[in-house]
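Got your viewer open? Take a seat and get ready to click your way around.

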Amino acid sequence: MASADTRVVTAHLPVALAEQVDELAARLERSRGWVVKQALATYVEREAERHRRTLEAMADVDVGNGSAVSHDDVKAWAATLGTNRPGKLPE
């Protein structure tokens, strides 16, 4: 039963992923809900940190601290990936 400080969230998962969650829950002797809650908390925390770092980097570039690689340089480099002669990572 859910307490007042929780909310039930429903998600449709691919069968293979749901089976992996069930296997992990069994191996850890935890509930499926516990595994999903741990995974989601880790994902949300990681994405929040990624967002914070992105905003920090953009602010540094805006004020001239740090360097930025031009979009055209990145596109040219990316076009070489998967070829026999990948280009040098732009700096």
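Here's a short tour of two helices, where they touch, and some charged side chains. Keep in mind as you go that this is a predicted model.

**Stop 1: helix α1**

Select residues 15-28, which make up helix α1. How far apart are the end C-alpha atoms of α1? They are 20 Å apart, and that agrees with the 20 Å that its 14 residues should span at 1.5 Å a residue. Now click on glutamate 29, just after α1. Glutamate 29 has a positive phi of about 55°.

**Stop 2: helix α2**

Next, select residues 32-62, and you've got helix α2. With 31 residues at 1.5 Å each, α2 should span 45 Å, and its end C-alpha atoms agree, being 45 Å apart. Then pick glycine 64, which follows α2. The phi of glycine 64 is positive too, near 90°.

**Stop 3: where the helices cross**

Show both helices together and turn the view until you can see them cross. The axes of α1 and α2 come within 8 Å, at a crossing angle of roughly 105°. Because angles of 65 to 115 degrees count as roughly perpendicular, α1 is roughly perpendicular to α2.

Which residues make the contact? On the α1 side, select Val21, Asp22, Leu24, Ala25 and Leu28. On the α2 side, add Arg32, Trp34, Val35 and Val36. Try colouring your selection by class: you'll get 7 nonpolar residues, 2 charged ones and no polar ones.

**Stop 4: a salt bridge along α2**

Time for some charged pairs. How many salt bridges does a search of the whole structure find? The count is 6, and we'll visit a few.

Start with glutamate 47 and arginine 50, and show their side chains. They meet in a salt bridge, 2.9 Å from N to O. Both sit in helix α2, 3 residues apart, so about one helical turn separates them.

Turn on the surface here. Are these two buried or exposed, or something in between? Glutamate 47 has 24% relative accessibility, so it counts as partly exposed. Arginine 50 is partly exposed as well, with a relative accessible area of 48%.

While you have arginine 50 selected, add glutamine 20. The two are 30 residues apart in sequence, and their C-alpha atoms are 26 Å apart in space.

**Stop 5: a charged network**

Stay on α2 and select glutamate 49 and arginine 52. Their side chains form a salt bridge at 2.6 Å, N to O. Again the partners are 3 residues apart in α2, about one turn of the helix. Glutamate 49 has a relative accessible area of 30%, making it partly exposed, and arginine 52 is also partly exposed, at 40%.

Don't deselect arginine 52 yet; add glutamate 56. Arginine 52 and glutamate 56 meet in a salt bridge of 2.9 Å, N to O. They are 4 residues apart in α2, so the separation is about one helical turn. Glutamate 56 counts as partly exposed, with 44% relative accessibility.

For the last click, bring in Arg53. You now have Glu49, Arg52, Arg53 and Glu56 on screen, joined into one network by salt bridges that share partners.

Technical notes:
Residues are numbered from 1 along each chain as its sequence is written. This is a predicted model: local features need pLDDT of at least 70, side-chain atom pairs count only at pLDDT 80 or more; totals for chains, interfaces and linings use all residues. Side-chain values use heavy atoms; hydrogens and water are left out. A salt bridge is a side-chain nitrogen of Lys or Arg within 4 Å of a carboxyl oxygen of Asp or Glu. Helices (H or I, at least four residues) and strands (E, at least two) are DSSP runs, numbered from the N terminus. Buried means under 20% relative accessible area, exposed over 50%, partly exposed in between (1.4 Å probe, protein chains only). Axes are lines fitted to C-alpha atoms, for helices over the stretch in contact, and angles run from 0 to 180 degrees between N-to-C directions. Angles under 35 degrees count as roughly parallel, over 145 as roughly antiparallel, 65 to 115 as roughly perpendicular and the rest as oblique. Contact means heavy atoms within 4.5 Å. Ala, Val, Leu, Ile, Met, Phe, Trp, Tyr, Cys and Pro count as nonpolar, Asp, Glu, Lys and Arg as charged, and the others, Gly among them, as polar. The expected span of a helix is 1.5 Å times one less than its number of residues.
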